[in-house]
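Thanks for coming. I will go through one structure this morning, starting with its salt bridges and ending with its cavities.

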Amino acid sequence: MTELPSGAVTFLFSDIEGSTRLVKTLRDRYPRVLAEHRDLIRGAIARQAGHEIDTEGDAFFVAFASATRAVRCALEVQLALEAHEWPEGGRVRVRMGIHTGHAVPDQGDYTGLAVHRAARICAAARGGQVLVSQATQNLIEDEEQELEFTLADLGERRLKDLDRPVRLFQLAAPGLEEAEPAARPGADGPGTGGPGAGGPAGLVRGLAPALTAFVGRADAVEEVCGLLEGRRLVTVTGPGGVGKTRLATEVARRVAGRFADGACLVELAGVQEPALVPAAVSAALGIPEVPGRSAMEALAAALARQQVLLVLDNCEHVITAAADLCEMLLPAADDVRILATSQEPLRAAGEARYRLSPLPVSGPGGPGGPAEAGESEAVRLFADRARRVDPHFSLDAESAPVVAALVARLDGMPLAIELAAARVEALGVAQLLDRLDDRFALLATGNRRAAARQRSLAAAVDWSYQLLSGQEQQAFRQLSVFPGPFTLEATQAVAGYGAEPAVLHLVDCSLISPPRPGADGRARYLMLETLRAYGAGRLAETGEQGTAAARLAGYALQVATLTAAGLQTSAGELAAAHWLDAEDASMQQALAWALEHQPSAAARLAPALAPWWVTRGRVTAGYPLLRAAVERAEPADDAWPAAQYWLGYLASLAVDSLTALRHYALAIKGVATDPRSPVLVDATSGRAACLLHLGLTAEAAQEAGQAADLARVIGYPAGEARALIGLSAAAQYAGEEDKALHWARQATRIDPQAIPGRLVRQINHDLAGILVDVGDLAAAEDSCVTELDRARQAGDLQSQSSCLDLLADLDQRAGRIPEAARHLAEALEISTRTGSLSRVISCLNNCAHLCAATRRWADAVTMWAAHIAALKELGMTDLPAAAERRREPLRTARQALGADRTRAAEKRGQDMTLAIAAELAIVLTGTDPGSPQVPPGLDKLSRREQDLVVLVARGRTNAEIAGQLNLSEGTVRSRLDQIRDKAGCPRRTDLIGLALQAGLV
Ligand SMILES: Nc1ncnc2c1ncn2[C@@H]1O[C@H](COP(=O)(O)OP(=O)(O)O)[C@@H](O)[C@H]1O
Ligand SMILES: [Mg+2]
């Protein structure tokens, strides 16, 4: 055999798709099929002078000195496999990956990043497909010889374990399957990710698919992408209608693949209060707020674990809040980058500004050049939009110069061009130009100070508006009251029942965007921000503003009443929550308006929204709104007591028992004249929960008992269920397990259809916990599995993490260690993401048990020490049963370790912050007990690099590390990027995990 190639080596990996299935179908015929497949491959390797480095099972690893020959080999193999006669059900389909990189053979083998990369590329292929990296493609392109194949560009892909996305090509030749269409990273994904889920790489969350073509702007996209490489905050600025939002979304689609958690669009246009900006970002990302922490803190904590691009769209009206957000978020979350759009720069630290100009109005060939060939981007946009209204529209010798003049008149402003093009069918291009000119003359006088392009847009909008009939104009003005997408029913509520034809006409004129389905599946229209601002101005002039806002509030209250009823039942829960998700902006606006102008409406609207705030984790933002509503309402208002009850409930979720007790007392006072009020039942149960938290077990039991009695008398099933689980919890804390079981069972007997889904899940979960205490593990497991399933269906993260935590406990008691680890890992992941601290603390205890069960004594002691330290810090009491269960394994662990090692392990746990302890628990649940001690990624790092990793794992931000080591932040960032590449850790938290696993922290 000739010598193995060195230097630029091309690696080819292959394996059989679905080999397990083949083994099953073919049984004893499989070895023969495998051998035939090997012969075919080896023939091709020999013909193309390849070197077989390793063969394992159905996988080949081959090295080539020539890139072209490697690809030829793959082609020959695929054609041969295709032509071969396989036994029935035994058709062999092989996936292949090829990559070229620098490598030096070592004792007949190769190691290193290039090999890893080639293997990953292979893993990304389908059976019958050959994927080729850009490095290999470049070499082949350079060879300039006649080739019997082509390489089709698939675009960038993110591959497992590789930090940066890679551009891939697919081998195409006669006889092979067709190439798939170019995969656009971040191509239109679903509207939203799962609640709270970090989106997968390449996915752009919150972005509806584009309905119209994106025209030109190649340089702008390139430049903004480039800016985002080097800077963490980039703001696209320019006047309304110049195309900032459109550019930002195109950029997001383009670069989403570079972010492990993709990109997320946050629409700020509908956010009324600057204080609500962090909550809006959290909502877009699906990050629930954390009771007791500001929305900003919760957001920063959650984002510290993600690698994501945030697109903050339309910052201008909340510019200071947006700038503050960037300045707080960026230092706290090193892997987050922000792309903002705003009429002005945010003037935040480290911001790079990109000034977006209107579209070029003269083409590459200059004005007057031949149509099509030399047409400008502005003309192309006009032609594209004109063709949408009039399929016969074309640019010819006659129309091209007029259109060129027209778009020049409109200063290349995309929005103005769209509005003009929408009228082309009715007016034709020549008339269009005349009419516009008239309008410009009219407007030019009053508006001298504004920039020309702003004037031209204003003129185009105004002109488009003047062409509407009186009724259409009125509808347009009134619809500008919607801060976000709106349904046809909503337009009727605001603009009257006769508004439908007007709405349809507005869509035709591009003054409203065509309907798209929202989070609840209902179709909704949208008005672009610039047009909305124009409409709002007109609305104010005509004095109709108050009426329109009041109608919107009326509509919002109507929706909120219906959804509140839905949220009270198991069956209606999901649809109601999605409906509110889709109406979010309108609800916010209506509530803000009602707080100022109609306190009694606000006092109804806010409590109706409260249960949804709870399911969506928006308690922190909701509480002050609800409190404002209550403060402005009259205590005599019949909505007042329920509002006080909800205030108490929201406060109790934030573990603020004293405040909660005060609200509950006021609620009870408010219904003093009505002894049969459901509010009385719930507020009494609420008091019981607070008392329990304060350690007053007997008093808690007494209050819960009263609530249960009253609920029964007045026939209020949900109230009775809440009271019964209160009784059960009190008994559990008193160590009276039989009683606890009795009350929990009583609660399960209440008709689940008649109470909220969330409550049903809570009852069943609590019951399962008590069943574990009394030793009925089989029943506990049944209940837990069912509830987990339901919680997943309902998107209820709180219940999911509590069920998973309990399931992990059950697995472990039954000796199913891998399942226990899997369930616990997921429980930890969800509870850290949702900031559910008490659940995280419980998971630490569970993790310690898991370590003890696998004889990892030091880790067990560390986890228990961290668990107990955290309990103490939050002033939480330990359940008697939990303390009892820990005693024995803890003693064994201490014995096994001896005094010194026990002390060291304890100290490690006590010194950890809760966040780091959770991180360690995630690592421990992910480690196979038999795996080597030092994780593979770390030994690739130098001593200095490892030191840097330790600083990261201690929770230091890049800025802090830079300060400590006297380096620039940019240097720290690029060093860490290299480290992450080497260690195969796409996210910062993966590095932290590596360091914890190796015991460096
Ligand atoms: N390059 C472009 N290609 C196609 N349409 C565009 C382009 N730029 C802007 N538009 C369209 O022009 C209108 C206004 O753009 P938008 O991005 O909303 O402006 P801004 O955010 O600056 O107010 C939108 O309908 C948008 O789709
Ligand atoms: Mg915009």
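**Salt bridges, loops and cavities**

I start with E703 and R687, whose side chains form a salt bridge at 3.1 Å, N to O. The two residues sit in distant parts of the chain, E703 in helix α28 and R687 in helix α27, 16 residues apart. By salt bridge I mean a side-chain nitrogen of Lys or Arg within 4 Å of a carboxyl oxygen of Asp or Glu. Helices (H or I, at least four residues) and strands (E, at least two) are DSSP runs, numbered from the N terminus.

Before going on, the conventions. This is a predicted model, in which local features need pLDDT of at least 70 and side-chain atom pairs count only at pLDDT 80 or more, while totals for chains, interfaces and linings use all residues. Residues are numbered from 1 along each chain as its sequence is written, chains are lettered from A and ligands numbered from 1 in the order in which they are written, and side-chain values use heavy atoms, with hydrogens and water left out.

Back to the pair: is each partner buried or exposed? E703 counts as buried because its relative accessible area is 16%, and R687 counts as partly exposed because its value is 23%. The cut-offs are under 20% relative accessible area for buried, over 50% for exposed, and partly exposed in between, with a 1.4 Å probe and protein chains only.

Helix α28 also holds a salt bridge between R712 and D709, which lie three residues apart, about one turn of the helix. Their closest N and O atoms are 3.5 Å apart. R712 is partly exposed, because its relative accessible area is 42%. D709 is partly exposed too, at 45% relative accessibility.

Towards the other end of the numbering, R93 and E17 meet through their side chains in a salt bridge of 3.7 Å, N to O. This pair also links distant parts of the chain: R93 is in the loop between α3 (67–83) and β4 (94–103), E17 is in the loop between β1 (7–16) and α1 (19–26), and 76 residues separate them. E17 has a relative accessible area of 28%, so it counts as partly exposed.

How many salt bridges does the structure hold? The count is 45. Some are joined up: D520, R522, R524 and E583 are linked in a network of salt bridges.

Next, the backbone. Most residues other than glycine have a negative phi. A49 is not a glycine, yet its phi is positive, about 60°. A49 lies in the loop between α2 (30–47) and β2 (51–56), and it counts as partly exposed because its relative accessibility is 40%. S510, also not a glycine, has a positive phi of about 65°. Its place is the loop between α18 (500–508) and β14 (513–517), and with a relative accessible area of 30% it is partly exposed.

On the surface, L658, L694 and L696 make a nonpolar patch of about 270 Å². Patches are made of residues with over 30% relative accessible area and no salt bridge, like charges being joined within 9 Å and nonpolar side chains (Val, Leu, Ile, Met, Phe, Trp, Tyr) within 5 Å. The areas come from the Shrake-Rupley method with a 1.4 Å probe, and for residues only the protein chains shown count as cover. L694 sits in the loop between α27 (678–693) and α28 (697–714). L694 is partly exposed because its relative accessibility is 40%.

For contrast, I417 lies in helix α13 (residues 414–421). I417 counts as buried because its relative accessibility is 0%.

Last, the cavities. A cavity is a set of points, on a 1 Å grid over the protein atoms alone, where a 1.4 Å probe fits but cannot get out, and its lining residues have an atom within 4 Å of a point. There are three cavities of 30 Å³ or more. The largest holds about 150 Å³ of space. It is lined by 14 residues, and those closest to its centre are D584, Q588, W613, R618 and L625. Helix α22 gives the most to this lining, four residues.

The second largest cavity holds about 60 Å³. Its lining consists of R126, G127, G128, Q129, V130, Q170, L171, L176 and E177.

Methods:
On a 1 Å grid over the protein atoms alone, a cavity is a set of points where a 1.4 Å probe fits but cannot get out, and a pocket is an open set with protein on both sides within 12 Å along at least five of seven lines; lining residues have an atom within 4 Å of a point. Grid points are joined across faces, edges and corners, and a volume is the space filled by probe spheres set on the points.
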